[in-house]
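The following exercises are to be solved from the coordinates. Each task is followed by a worked solution in steps.

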Amino acid sequence: AIIDECNICTEGNTGLDTNYMQDCFGECFGTAFLDNCNVCVDEGVNPDANKDCHGDCFGDAIIDECDDCVGGTTGLEENYSKDCEGICYGYALIDDCGVCSGGSTDHEYNSDFDCNGDCFGYAFLDDCDVCSNGNSNHFPNSDIDCNGDCFGDAYLDNCDDCVGGESGIEECEEDCAGDINGDAYVD
């Protein structure tokens, strides 16, 4: 048996290890201890102080602006929980035209499509509710007949009168001399 550095009789048949009363800094009767990352720390220090938010000793993970643990070995990018408007856990999304929409944006999702399905296109619904102009290959209001009816059957006759369909006017006739509405006749 010996007297150790803390003036305690140890070894031999005492059943005590030499300097067993020293803390991890070597102070007799000290209160320092090995934390959960095997680092000697003073009493009162959090035993997980050398761990990052992901629980890795000496890790690089941090708490981001949305209070998420990111980086390090998490596999998560910083502020991944922000929507395209920059709101943590917001509902705004990039729509099919590349515009941040929904959530707090005051922009309706996919509202930049024209009636032809083109982002920021110039096609519009004409008076007959037909997608026209832009890339639609349809001329606006080309489905209106001479009487002003959508998809009507009225047409301009040889006299340039709007006849047929809903017009209520009959087509003008040529007489045998070729005069429109003339009174010549074959005897």
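Helices (H or I, at least four residues) and strands (E, at least two) are DSSP runs, numbered from the N terminus. The model is predicted: local features need pLDDT of at least 70, side-chain atom pairs count only at pLDDT 80 or more, and totals for chains, interfaces and linings use all residues. Residues are numbered from 1 along each chain as its sequence is written, and side-chain values use heavy atoms, with hydrogens and water left out.

**Exercise 1. Overall form**

Determine the secondary-structure content and the overall dimensions of the protein.

Solution.
- Step 1: The assignment yields twelve strands and zero helices. The pattern along the sequence is accordingly β-β-β-β-β-β-β-β-β-β-β-β.
- Step 2: The C-alpha trace spans about 155 × 25 × 20 Å along the principal axes.
- Step 3: The radius of gyration is taken over C-alpha atoms, and the globule rule is 2.2 Å times the number of residues to the power 0.38. For a compact globule of 187 residues a value near 16 Å would result, but the protein has 45 Å.
- Step 4: A contact means heavy atoms within 4.5 Å. Of the contacts with a separation of 6 or more, 0% come from residues 24 or more positions apart.
- Step 5: Buried means under 20% relative accessible area, exposed over 50%, and partly exposed in between (1.4 Å probe, protein chains only). Buried residues account for 26% of the 187 residues.

**Exercise 2. The segment after the last listed strand boundary**

Locate Asp175 and state which residues it touches.

Solution.
- Step 1: Asp175 is placed in the segment after strand S12 (162–163).
- Step 2: With a relative accessible area of 10%, Asp175 is buried.
- Step 3: When residues up to four places away in sequence are not counted, Asp175 touches Gly182, Asp183 and Ala184.
- Step 4: Val186 lies eleven residues from Asp175 along the chain, and their C-alpha atoms are separated by 8.9 Å.

**Exercise 3. A side chain reaching the backbone**

Which backbone nitrogen does the side chain of Asn19 reach?

Solution.
- Step 1: Asn19 belongs to the loop between strand S2 (9–10) and strand S3 (33–34). Its relative accessible area is 18%, and Asn19 is therefore buried.
- Step 2: A polar contact is a pair of N or O atoms within 3.5 Å; within protein, one must be able to donate a hydrogen and the other to accept it, and residues adjacent in sequence count only if both atoms are side-chain atoms. The side chain of Asn19 reaches the backbone nitrogen of Glu5 at 2.8 Å.
- Step 3: Asp4, Glu5 and Cys6 are touched by Asn19, not counting residues up to four places away in sequence.

**Exercise 4. Salt bridges**

How many salt bridges does a search of the whole structure find?

Solution.
- Step 1: The criterion is a side-chain nitrogen of Lys or Arg within 4 Å of a carboxyl oxygen of Asp or Glu. The search finds two such pairs.
- Step 2: Lys51 pairs with Asp48, the closest N and O atoms being 3.8 Å apart. Lys51 is partly exposed at 30% relative accessibility, and Asp48 is partly exposed at 35%.
- Step 3: Glu65 pairs with Lys82, with the closest N and O atoms 2.5 Å apart. This pair links distant parts of the chain, 17 residues apart: Glu65 in the loop between strand S5 (62–63) and strand S6 (69–70), and Lys82 in the loop between S6 and strand S7 (93–94).
- Step 4: Glu65 is exposed, with a relative accessible area of 56%, whereas Lys82 is partly exposed at 27%.

**Exercise 5. Disulfides**

Describe the link of Cys66 and Cys88, and explain why Cys9 forms no bond with the closest cysteine sulfur.

Solution.
- Step 1: A disulfide is a pair of cysteine sulfur atoms within 2.5 Å. The whole structure holds ten disulfides.
- Step 2: Cys66 is joined to Cys88, S to S 2.0 Å, and with -85° about the S-S bond the link is left-handed. Cys66 lies in the loop between S5 and S6 and Cys88 in the loop between S6 and S7, so the pair ties together parts that are 22 residues apart in sequence.
- Step 3: Cys66 is buried at 7% relative accessible area, while Cys88 is partly exposed at 30%.
- Step 4: The closest cysteine sulfur to that of Cys9 is in Cys6, at 13 Å, which is too far for a bond.
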